Amino acid sequence: MFGVANLNVRLQEALNPHSIFRAEQQIGGRVFRVGDKVMQVQNNYKKSVFNGDIGRLTRIDTQNRELVVKIDGRPVTYRWDDSDELMHAFAVTIHKAQGSEYDAVVVALHTQHYRMLQRNLLYTAITRARGLVVLVGTRRAVGIAVKNDKVRKRYSGLQARLR
């Protein structure tokens with residue numbers, strides 16, 4: 001219900017709905033439409049695009065089986081086979097949003113995401129917004145997140161590598 005994949009499907013329908021006047025293509029179970037907001041999800045040095053880069057789908061070329069996305073003002077071409085490098089970005093996870101800012105941020109907080117209800121993650125989500133923050137969910141989930149100041153220990157092996 002509150003997952004990013006589900007939110008992206010619903011937000012695409014609300015913000016960039018199907019239209020006979022707008023090109024769209026189903027690729028691998030996902031529908032891409034001209035005007036969709038998408039995010040690059042892995043570094044691609046050949047295309048000079050990197051994990052977290054956001055753009056708009058500007059063209060769908062069915063003859064050449066390509067998508068063209070405008071990222072940072074320049075067109076980037078993806079073969080349909082490369083579309084797994086893109087995810088819809090009407091909604092993104094807090095992890096993917098780190099280091100970025102947005103005019104408005106909507107944070108979904110629900111007890112079904114119990115493991116993610118942590119004060120530091122809520123802080124990160126809220127501080128991504130330049131202007132507007134909207135919390136959607138339950139009061140109980142917000143309360144759990146605010147009270148939970150325990151940061152899960154990470155086992156990266158970094159300390160051993162530094163020695």
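These questions and answers cover the pocket, strand pairing and burial in a predicted model.

The model is predicted, with local features needing pLDDT of at least 70, side-chain atom pairs counting only at pLDDT 80 or more, and totals for chains, interfaces and linings using all residues. Residues are numbered from 1 along each chain as its sequence is written, and side-chain values use heavy atoms, leaving out hydrogens and water.

Q: What makes a residue part of the lining of the largest pocket?
A: A lining residue has an atom within 4 Å of a pocket point. Here 37 residues line the largest pocket, and Val 92, Thr 93, Ile 94, Val 106 and Val 107 are the closest to its centre. The largest share, eight residues, comes from β8.

Q: How do you know how the lining divides into nonpolar, polar and charged residues?
A: Ala, Val, Leu, Ile, Met, Phe, Trp, Tyr, Cys and Pro count as nonpolar, Asp, Glu, Lys and Arg as charged, and the others, Gly among them, as polar. The lining therefore divides into 26 nonpolar, six polar and five charged residues.

Q: Why are β8 and β9 said to pair?
A: Two strands pair if DSSP finds at least two bridges between them. β8 and β9 (residues 129-137) have seven, in the parallel sense, so they pair. Leu 109 stands opposite Gly 137 in β9.

Q: What makes a residue of the chain count as buried?
A: Buried means under 20% relative accessible area (1.4 Å probe, protein chains only), with exposed over 50% and partly exposed in between. Buried residues make up 33% of the 163 residues in the chain.

Notes. On a 1 Å grid over the protein atoms alone, a cavity is a set of points where a 1.4 Å probe fits but cannot get out, and a pocket is an open set with protein on both sides within 12 Å along at least five of seven lines; lining residues have an atom within 4 Å of a point. Helices (H or I, at least four residues) and strands (E, at least two) are DSSP runs, numbered from the N terminus.
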